[in-house]
Amino acid sequence: MVETTLSASIHPVDELLTPPLSLRQLVWRRFRRHTMALFGVVVLILLFTYAFGGALFLTESYANQTETGVRLQGPSAVHPFGTDTVGRDILARTIYGGQISLLIGLTAVLIETGFGILIGAFAGYYGGVVDSVLMRITEAMLNIPQLFLLIVMAKFFSGKLPNITLLGRTFSGSVVVIIGIIGLTSWMYLARIVRAEFLSLKENEFVLAARAIGTPRREIIFQHILPNSIAPIVVSATLGVANAILSEAYISFLGLGVQPPTATWGNMLDGAYNYIDTAPWLWVFPGTLIVLTVLSINFLGDGLRDALDPRSRVA
Amino acid sequence: MTRYIIRRLLQAIPLLFVISLVLFVLMQNMGDPVATMGGRSVTRSADRERLRRQLGLDKPIAVQYLYWLVGNDWTKIDLDGDGVAETPGQRQGVLRGDFGASLVNRGKPVLQVIWDRLPNTLLLMGASELVIIIGALLIGIYSALRQYSVIDHVVTAISFVGYSMPIFFIALLTMYIFSVNFKRWGLPYLPTVGMFDPGVGKTTGQVALHMILPVFSLSFIYFAGYSRYVRSTMLEVMSQDYIRTARSKGLPRPVIIYLHALKNASLPIVTVIGLDLPLLLAGAIVTERIFAWPGMGRLFLDHASRSDTPVVMGILMMISVAVVVFQIIVDVVYAWLDPRIRYS
């Protein structure tokens, strides 16, 4: 604040001559100042390169190949990250596990955002009975901690889907289940944010104008109001990716998530604590990758919040 | 105020009803409870049939829910499978405080099963919550008063890492350092699993020793949220006019910080703590699993994996009721602490 008033008073002419910044430039300016967010972006790019570029060097069948003769071997030249309890190469598994973990994080958030926007938008726009019914459902979902719901739902949907073949690769059907249940158990906060945005935005003149010229409701909701509330949605969705990756890690760690042989960073840790004193490499590598990913996404989300939505900052 | 509380309680009833209904439907695919009953498999199909009838599993789900909710002592059930209901039911139903009997610990009432574990969980979670609150207050106030100092930045960075870490990672890491490696180096090391050493017995010292690692892990993960919150509310309060007034009339700094500022800054913190308290009952699923702590989280996990639906339902409903009740309590306490708030 002090800085801007100072520079404005020293260079009043500059202020008049420079063309006004576009929204994108403004956002980028604010984002650029957030060093940790830039650090997060760089680390995320490296992690994506690791998970998707690494696949060029090691095949998935190698990642899933068991060789009980070399089980629980420490890091060596052949297996740089060591081998797991059935002799699979941990380096290769962190590469393919990373793909699945990142995929789950991104797609679960798509579902979460879709649900959150729909429920929040309808509740906020229509108000009245629709609002109270939808918000009671939201409250009911919030009443039970997410991990408990995830466990119950993982059991409910377990073993229902066959393996899926996509792009020449076979995935355990549990990947889809996990994506679905993480999306279904995490939309509540987003719905509340969207609802609050809609409640205040729908009172604006532009909505009244749109309604006056007979714009259909669907268009008012999705083309007039929604774009105006995109900033908090983007921030919340970004942080949601981190949360989804953590949720996958927790549920897979408990053995109820993605089923082997499909690797994820989470299920690689399942049972690792049985070998805590003999084979620390079982959990160190996938665990570190999870922490790095989640940390970077949280930094990125924090930077986005500062850049897109400076007023909402709480801490 | 009394009317407000009554209205909130009345609103809670349909909410809990919907939750129980949804959960009951979700329970239907937990697996075959008869297959894992009593820890041994019941193989003869005639026995299975009889057991399913005894447990009421042969009934349609709507009837099962009805029996779970209001019991079946008002009707007769068919035990021998001849199609004629002749035996009077025994169950009282949740509304009369009967959550049924555990299927795994055959015949043991659900409430008893939960009650056996609850103190362990409350001990672990209560200790963690206490460490978190005290730590967060100290660190939060410190970094608010010295905003952008080196320590503020370090604390911010550490709390970001803690916030981003899955709890099993910090748990495994501390186990590896303080237990495995300390033992290897011949240093005094910390125990990793259980609540006490069976060779020594359940003494206060033993339990405290076994609590160090799980409490540390839990605090490390949940510390971030609280300390950031304390910091931001403190920053907000410290910039207000009445603090400047207090300063200008020459009050000593500690009086300003702890009596004037903290009092108002702690209002929103009370809300956050109050809303987290019911979750202490639920325990920590992952932490209790890693450290083999015999609490509610592990109870839930064990019984969920063995399709013991009465216990799982009991735990989830207990959490829901606690959350609803604490929400009301927090609202009431908040209005009492902050006279500006009035409920109509």
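**Group meeting: chains A and B and their interface**

Between chain A and chain B there are 4 residue pairs in polar contact, with both partners at pLDDT 80 or more. I begin there, and I should say straight away that this is a predicted model.

Salt bridges are another matter: across the interface of chain A and chain B the rule finds 0 of them. What does the side of chain A that touches chain B consist of, in terms of nonpolar, polar and charged residues? The division is 27 nonpolar, 5 polar and 7 charged. Which elements of chain A give two or more residues to that side? They are α7 (128–142), α8 (146–157), α13 (230–253) and α14 (281–308). The most comes from α14(A), with 11 residues.

Now the extent of the interface. Chain A brings 39 residues to the contact, and chain B brings 43 residues. The area buried between the two chains is about 3900 Å². Carbon and sulfur atoms give 77% of that area. Three residues, A:Asn143, A:Phe148 and A:Lys155, supply 18% of the area that chain A buries against chain B, which is more than any other three residues supply.

Let me stay with one of those three, A:Asn143. A:Asn143 sits in the loop between α7 and α8 of chain A. Is A:Asn143 buried or exposed? A:Asn143 counts as buried, because its relative accessibility is 2% and the cut-off for buried is under 20%. Setting aside neighbours within four places in sequence, A:Asn143 is in contact with B:Leu15, B:Ile19, B:Ile319, B:Ser320, B:Val323, B:Val324 and B:Gln327.

Next, chain A by itself. Chain A has 315 residues, of which 50% count as buried. Its secondary structure comes to 14 helices and 2 strands. If we take the contacts in chain A between residues at least 6 apart in sequence, 71% of them join residues at least 24 apart.

One residue from helix α13 of chain A is A:Ser236. A:Ser236 counts as buried, at 16% relative accessibility. Not counting residues up to four places away in sequence, A:Ser236 touches A:Leu190 and A:Ile193.

On to salt bridges within the chains. How many salt bridges does the structure hold over all chains? The count is 7. I will go through three of them.

The first I want to show is between A:Asp131 and A:Arg195, where the closest N and O atoms are 2.7 Å apart. A:Asp131 lies in helix α7 of chain A and A:Arg195 in helix α10 (residues 188–201) of chain A, so this pair ties together parts that are 64 residues apart in sequence. A:Asp131 is buried, with a relative accessible area of 12%. A:Arg195 is partly exposed, at 23%.

Another salt bridge joins the side chains of A:Asp302 and A:Arg305, at 3.5 Å from N to O. Both residues lie in helix α14 of chain A, 3 residues apart, which is about one turn of the helix. A:Asp302 counts as buried at 10% relative accessibility, and A:Arg305 counts as partly exposed at 22%.

The last of the three is in chain B, between B:Arg244 and B:Asp241, with the closest N and O atoms 3.5 Å apart. These two are 3 residues apart in helix α8 (residues 241–248) of chain B, so about one helical turn separates them. Where do they stand on accessibility? B:Arg244 counts as exposed at 56% relative accessibility, and B:Asp241 is exposed too, with a relative accessible area of 51%.

That brings me to chain B as a whole. The domain assignment gives domain 1 (33–98) and domain 2 (113–337) in chain B. The centres of domain 1 and domain 2 of chain B, taken over C-alpha atoms, are separated by 41 Å.

My final residue is B:Tyr334, in helix α12 (residues 309–337) of chain B. B:Tyr334 counts as partly exposed, at 21% relative accessibility. Which residues does B:Tyr334 touch, not counting residues up to four places away in sequence? They are B:Leu267, B:Pro268, B:Thr271 and B:Ile341. As for B:Ser179, B:Tyr334 is 155 residues away from it in sequence and 43 Å away in space, C-alpha to C-alpha.

How values were computed
Residues numbered from 1 in each chain as written. Chains lettered and ligands numbered in written order. Predicted model: local features only at pLDDT ≥ 70, side-chain atom pairs only at ≥ 80, totals over all residues. Heavy atoms only, no water. Contact = heavy atoms within 4.5 Å. Buried area = accessible area lost by both parts, 1.4 Å probe. Salt bridge = Lys/Arg side-chain N within 4 Å of Asp/Glu carboxyl O. Polar contact = N/O pair within 3.5 Å; in protein donor to acceptor, adjacent residues only side chain to side chain. Helix = DSSP H or I, 4+ residues; strand = E, 2+ residues; numbered from the N terminus. Nonpolar A, V, L, I, M, F, W, Y, C, P; charged D, E, K, R; others polar. Domains from an automatic or database assignment. Buried < 20%, exposed > 50% of the residue type's maximum accessible area, 1.4 Å probe, protein only.
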